[in-house]
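Thanks for making time this morning. I would like to take you through one complex, beginning with how its chains meet and ending with a pair of helices.

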2 protein chains.
Amino acid sequence: MTAKFSDRLDAAIRAKGNPICVGLDPRFDSIPKFITDAAIQSKGDTSLARAMAYVQFNQAIIDAVADIVPVCKPQIAFYEELGTDGICAYETTIAYAREKGLLVISDAKRGDIGATAEAYANAHLGGPKSPFNSDALTVNPYMGRDTLEPFLKTGAAHCGGIFVLVKTSNPGSGDLQDLKLSDGRFVREHVAQMVHDMGRNHLGTCGLSDVGAVVGATYPDEARALRKLMPDTFFLIPGYGAQGGSAADAAAGFRPDGRGAIVNNSRGIIFAYKQKPYIETYGEKGFASAARAAALRMADELQFISRMK
Amino acid sequence: MTAKFSDRLDAAIRAKGNPICVGLDPRFDSIPKFITDAAIQSKGDTSLARAMAYVQFNQAIIDAVADIVPVCKPQIAFYEELGTDGICAYETTIAYAREKGLLVISDAKRGDIGATAEAYANAHLGGPKSPFNSDALTVNPYMGRDTLEPFLKTGAAHCGGIFVLVKTSNPGSGDLQDLKLSDGRFVREHVAQMVHDMGRNHLGTCGLSDVGAVVGATYPDEARALRKLMPDTFFLIPGYGAQGGSAADAAAGFRPDGRGAIVNNSRGIIFAYKQKPYIETYGEKGFASAARAAALRMADELQFISRMK
């Protein structure tokens with residue numbers, strides 16, 4: 001019997017000693033040229049060539065970080081952009097990451113009514129029968145709690161979880177999320193309460209629930225307040241690094257005991273080879289080693305969080 | 001030079017004489033058995049067999065209704081459920097529908113930040129280069145206006161449009177959408193204002209904009225109020241038929257002149273062959289004719305709307 005998602009996530013963070021989630025968001029123009037050139041030479045400038053390059057790139061990144069980080073998170077949009085071939089690359093990437101022992105969060109931000117939500121849940125959270133067999137899925141709460149329940153139900157049946165968007169990392173996230181309600185709360189706080197309520201029936205033995213929340217590192221004050229409303233909720237924290245969030249900002253989403261959150265980094269790890277200081281040390285051919293070095297450095301930057309306990 | 005999405009949609013509704021959108025939401029267990037049996041016999045009980053059955057089914061439906069309805073709307077969740085094979089069926093279905101002269105709304109309810117939204121937009125709204133080359137895409141506003149802009153930008157460059165979720169048809173849609181704000185408005189009204197504002201720079205010569213709104217037929221009072229806030233906005237109205245919305249309910253979303261909206265029907269048309277009175281007349285083999293008959297009947301039921309002008 002597989003353990004609950006929350007317990008597996010908590011255990012993976014402890015085992016690896018850091019709460020890093022590596023965002024597998026490939027972009028053709030950012031992947032090492034020797035990979036994209038070879039793919040185009042083999043298949044022409046086609047979506048198949050691009051998808052093949054994504055898989056090759058991702059597999060090398062996964063190989064380089066699987067023993068040091070607990071989680072990865074492919075963003076499906078970058079694969080969907082390539083159509084059928086891209087979706088095949090998404091399937092392949094997820095299967096490979098799981099095979100290598102990483103927990104996988106499918107970052108698709110899905111959300112829809114009844115039977116439609118069930119279909120999405122079957123796609124991402126239905127266990128080995130699912131094409132995108134992931135440990136968790138990001139979901140959008142705008143359509144209401146009844147549209148989240150099918151994800152939770154299917155997830156629970158297969159030891160998976162969900163991360164509900166609460167306060168996102170983008171500059172315009174406040175347009176809706178920061179609206180003030182007539183009862184004095186903010187919309188994001190209302191959603192946080194919903195997440196907390198839904199999670200009550202899905203607590204793991206670790207004390208955290210399978211109903212997580214997306215809370216951006218770019219809004220540390222809001223994150224601190226949201227943490228109080230969701231004491232048992234796993235936070236998936238985007239916005240670290242390229243989007244401007246620091247380690248201290250990310251720390252705002254953690255529990256006082258240093259647990260209950262993972263911090264995502266996409267470009268800062270997978271494209272580290274293009275950035276100082278990695279570019280000099282590793283070069284293009286060493287992109288995977290650069291990713292590993294960047295992940296280790298990030299783990300170091302986040303060390304003080306685990307010392308909070 | 002192709003006309004703007006709003007002008008093409010308005011013209012298509014006038015040309016066909018009805019505002020029907022046929023929802024192409026295949027489900028394996030609801031498709032005629034002679035189709036699913038043949039697919040399984042040919043390819044085994046695989047996702048490929050299911051995807052092939054979806055394409056065959058959809059093409060027959062499209063052939064049967066393309067000359068009488070203006071728009072179709074495949075719901076990507078039912079294809080995503082089948083993984084790569086299903087997504088291939090989605091691509092094929094969209095291309096076939098456009099070839100047959102239907103406008104296509106990709107019902108994917110996507111939404112994400114910056115470069116991610118751009119990738120989704122490229123997938124669905126980027127013109128002939130897009131794998132899911134659609135005329136419009138449904139999008140989710142929870143993450144804020146800056147996450148909708150990339151869709152609008154890419155759409156506008158390729159004469160496409162978007163439909164923003166405002167008030168959805170499901171029972172729990174009020175959880176967020178009906179929250180009362182401190183200024184006395186409802187969240188859905190705030191989103192409606194955003195949609196209206198965004199549409200101002202995207203008006204077609206018909207006087208309607210390329211920034212549409214999803215407003216369910218199941219909430220006619222809310223639809224009437226939202227129409228006042230969005231006088232120039234195309235409404236995509238789900239919830240008619242199986243979900244309980246009547247023709248009169250759907251009419252609540254239209255402009256006083258009888259224009260500015262399309263009414264979706266999925267199961268009531270594509271699976272009409274399983275329902276009375278069509279089951280007796282057409283039988284399983286006549287599923288496409290049954291769909292045509294159901295569409296004609298729906299057009300008849302909606303006739304009074306066009307007489308509003």
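**How the chains meet**

The contact between the two chains draws 50 residues from chain B and 49 residues from chain A. On the side of chain B that touches chain A, at least two residues each come from α4 (77-80), α5 (83-99), α6 (114-125), α8 (174-177) and α9 (187-199) of chain B, and the largest share, 6 residues, is supplied by α6(B). Sorted by class, that side of chain B holds 22 nonpolar, 19 polar and 9 charged residues.

I should say early that this is a predicted model; the predictor gives the complex an ipTM of 0.98 and a pTM of 0.98, while chain A averages a pLDDT of 97, with 99% of its residues scoring at least 70.

How are the two chains related? Chain B superposes on chain A, with an RMSD of 0.0 Å, after a rotation of 180° with 0.0 Å of shift along its axis, which is the relation of a two-fold axis. Of the interface residues of chain B, 98% are also interface residues in chain A, so the copies meet through the same surface.

Let me finish with α6(B), whose axis comes within 8 Å of the axis of helix α7 (residues 149-157) of chain B, the two crossing at roughly 35° in a right-handed sense. From α6(B), the contact is made by Gly114(B), Ala117(B), Glu118(B), Ala121(B), Asn122(B) and Leu125(B), and from α7(B) by Pro150(B), Phe151(B), Thr154(B) and Gly155(B). By class, this contact of α6(B) with α7(B) has 5 nonpolar, 4 polar and 1 charged residues.

Technical notes. Residues numbered from 1 in each chain as written. Chains lettered and ligands numbered in written order. Predicted model: local features only at pLDDT ≥ 70, side-chain atom pairs only at ≥ 80, totals over all residues. pLDDT = per-residue confidence, 0-100. Contact = placed C-beta atoms within 7 Å. Helix = DSSP H or I, 4+ residues; strand = E, 2+ residues; numbered from the N terminus. Nonpolar A, V, L, I, M, F, W, Y, C, P; charged D, E, K, R; others polar. Least-squares fit on C-alpha atoms with pLDDT ≥ 70 in both. Axes fitted to C-alpha atoms, helices over the stretch in contact; angles between N-to-C directions. Left-handed = near helix turned anticlockwise from the far one by under 90°.
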